[in-house]
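Here is a set of short exercises to work through with the model open in your viewer. Try each task yourself before reading on to its solution.

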There are 2 protein chains.
Amino acid sequence: MTKPQAKTKTKIQERNSRAILEAGLDVFSAQGFRGATLDQIAEAAGLSKPNLLYYFPSKDAIYLALLEQQLQTWLYPLRAMDPLGDPLAEVMAYVRRKLELSRDFPRESRLFANEILQGAPRLMPEIEGALKRLVEEKSAILTRWMSEGRIARMSPVHLIFAIWAMTQHYADFDVQVRAVLGPGHDPFAEAGSFLEQLFRKLLAP
Amino acid sequence: MTKPQAKTKTKIQERNSRAILEAGLDVFSAQGFRGATLDQIAEAAGLSKPNLLYYFPSKDAIYLALLEQQLQTWLYPLRAMDPLGDPLAEVMAYVRRKLELSRDFPRESRLFANEILQGAPRLMPEIEGALKRLVEEKSAILTRWMSEGRIARMSPVHLIFAIWAMTQHYADFDVQVRAVLGPGHDPFAEAGSFLEQLFRKLLAP
DNA sequence: ATTTATCTTGACCGATTGGTCAGGTCGGGC
DNA sequence: GCCCGACCTGACCAATCGGTCAAGATAAAT
């Protein structure tokens, strides 16, 4: 009777919802929220606009569903940093995983970049809440490792910022990176060994 | 008889063109090209929309004028890197100047970030031309310094990318940086000493 | 086979978009 | 005072925006 619910989805609901989110990711990540249009998303999803609005009540709902859906994936690598592991190995693994995310999910990276660039109007609660707590938790671990002399002493939060900045740069500014490098380069492979070198040197006590 | 030309501007032309570009910078940097509207720009400039279009023929023209106007300022710090100077001091000075640009001109930084995020449709010629040549020129200098053993050996282009990524991060993702740091922090001051430490250690031969 | 809930669409709506235009106002030179 | 070009505006336009709706097509359950 009512609009499709999350529970007990039919095959068609499953397929079309997925197609809409996939199309929305394409369009929102490339144009930002305001720049994207329902017509673009509908066409990319292979649906008519009214049919698209049969599955999601509004443009806003699609966008919010995308942000929510991708946030956990995006934070996972930092969550995975193990307080019991070897400090250098843990940080390097984080850098590597974050760069892999940039390489394999550049649209998701640009989706967040667009949102934050425009003041994070819809993501601010998550940033001030879950993200801030996660950074504080991992900062405490980094600080402990530093005071134990296992990695060099520095601001742990700005270390995390540096990892974010440099890995996401290769996703968000991909066209600039490729244009400046010119043909015959593999940006992500080169970035991998460059960042390996950079952080290994930086973290050495 | 014709529309106002660049040459022999009247006082009013001077004042209104400036107000439009200032307002356009505000709106375009906050909303991106597609998200910005002429009404928003006109209101921010204190002009009516038809009057705004008396000074610039189109939305596109305002946007292009802004990109062009700011590009030189944005590239200047890299241009200023002196091949005859002390390698470490020159690179550190570049980092410092780039961070100052992020601090003092965050709107300009976000304007470019928005443009490149969306595939640099209007800036690609400049990126492939002037910017690429500039990076190649400075990369050659960095490479020479490295082979002379004056700074550590690494990919010079990715070193430049790292400087861009980390300094612009503090402008483009300002709201995230402040939200995660919480109150009682001066992001740019902290970033200054963090980046000083990072690059000094990285560049040490 | 018929009912019933799910799925899909063309036509449409008011609001907003970038942009036009005819005509009005203003200020400085004569 | 008058004139002329620079400056400014209300009214308007076609296109596009996010979203609605009634009715038709399709599939699933009985």
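## Exercise 1: A pair within a helix

In this predicted model, A:Glu196 and A:Arg200 join their side chains in a salt bridge, at 2.5 Å from N to O. Work out how far apart the two residues sit in their helix, and decide whether each is buried, partly exposed or exposed.

**Solution.**

Step 1. Start with the positions. A:Glu196 and A:Arg200 are four residues apart in helix α10 of chain A, so about one helical turn separates them.

Step 2. Turn to accessibility, where partly exposed covers the range between 20% and 50% relative accessible area. A:Glu196 has a relative accessible area of 29%, so this residue is partly exposed. A:Arg200 stands at 39% relative accessibility and therefore also counts as partly exposed.

Step 3. Now look at chain B. B:Glu196 is found in helix α10 of chain B, which covers residues 187–203, and the side chain of B:Glu196 makes a polar contact with that of B:Arg200 at 2.5 Å. At 29% relative accessibility, B:Glu196 counts as partly exposed.

Step 4. Finally, look beyond the sequence neighbours. Apart from residues within four places in sequence, B:Glu196 is in contact with B:Met92 and B:Arg96. B:Met92 lies 104 residues away along the chain, yet its C-alpha atom is separated from that of B:Glu196 by 7.0 Å.

## Exercise 2: Two salt bridges in chain B

Find which elements the salt bridge between B:Asp39 and B:Lys49 links, and then describe the accessibility of B:Glu148 and B:Arg150.

**Solution.**

Step 1. The side chains of B:Asp39 and B:Lys49 meet in a salt bridge at 3.7 Å, N to O. B:Asp39 belongs to helix α2 (residues 38–45) of chain B and B:Lys49 to helix α3 (residues 49–55) of chain B, with their positions 10 residues apart.

Step 2. With a relative accessible area of 48%, B:Asp39 is partly exposed. B:Lys49 is partly exposed too, at 36% relative accessibility.

Step 3. B:Glu148 and B:Arg150 form another salt bridge, and their closest N and O atoms are 3.2 Å apart. B:Glu148 is partly exposed at 43% relative accessible area, as is B:Arg150 at 40%.

Step 4. For context, the structure holds 24 salt bridges over all chains.

## Exercise 3: Two domains in chain A

Describe how domain 1 and domain 2 of chain A meet, beginning with their bounds and ending with the salt bridges between them.

**Solution.**

Step 1. Set the scene. Chain A has 10 helices and zero strands, and it is divided into domain 1 (7–57) and domain 2 (66–203). The C-alpha centres of these two domains lie 29 Å apart.

Step 2. Count the residues that touch. Nine residues of domain 1 of chain A are in contact with eight residues of domain 2 of chain A.

Step 3. Consider the area. About 870 Å² is buried between the two domains of chain A, and carbon and sulfur atoms give 60% of it. On the domain 1 side, A:Leu21, A:Leu25 and A:Ser29 lose the most area, together 59% of what that side buries.

Step 4. Add the polar features. Between the domains of chain A there are two salt bridges and three residue pairs in polar contact. A:Arg107 forms a salt bridge with A:Glu22, at 2.9 Å between the closest N and O atoms.

## Exercise 4: Where the chains meet

How many salt bridges are there between chain A and chain B, and which helix gives the most to the side of chain A that touches chain B?

**Solution.**

Step 1. The contact takes 54 residues from chain A and 54 residues from chain B. About 4,600 Å² is buried between the chains, with 70% given by carbon and sulfur atoms.

Step 2. A:Leu117, A:His158 and A:Val180 supply 16% of the area that chain A buries against chain B, more than any other three residues.

Step 3. The count of salt bridges between chain A and chain B is zero, while 14 residue pairs are in polar contact.

Step 4. α8(A) gives the most to this side of chain A, with 12 residues. By class, the side has 31 nonpolar, 15 polar and eight charged residues.

Notes:
Residues are numbered from 1 along each chain as its sequence is written. Chains are lettered from A and ligands numbered from 1 in the order in which they are written. This is a predicted model: local features need pLDDT of at least 70, side-chain atom pairs count only at pLDDT 80 or more; totals for chains, interfaces and linings use all residues. Side-chain values use heavy atoms; hydrogens and water are left out. Contact means heavy atoms within 4.5 Å. Buried area is the accessible area (1.4 Å probe) that two parts lose on being put together, summed over both. A salt bridge is a side-chain nitrogen of Lys or Arg within 4 Å of a carboxyl oxygen of Asp or Glu. A polar contact is a pair of N or O atoms within 3.5 Å; within protein, one must be able to donate a hydrogen and the other to accept it, and residues adjacent in sequence count only if both atoms are side-chain atoms. Ala, Val, Leu, Ile, Met, Phe, Trp, Tyr, Cys and Pro count as nonpolar, Asp, Glu, Lys and Arg as charged, and the others, Gly among them, as polar. Domain bounds come from an automatic or database domain assignment. Buried means under 20% relative accessible area, exposed over 50%, partly exposed in between (1.4 Å probe, protein chains only).
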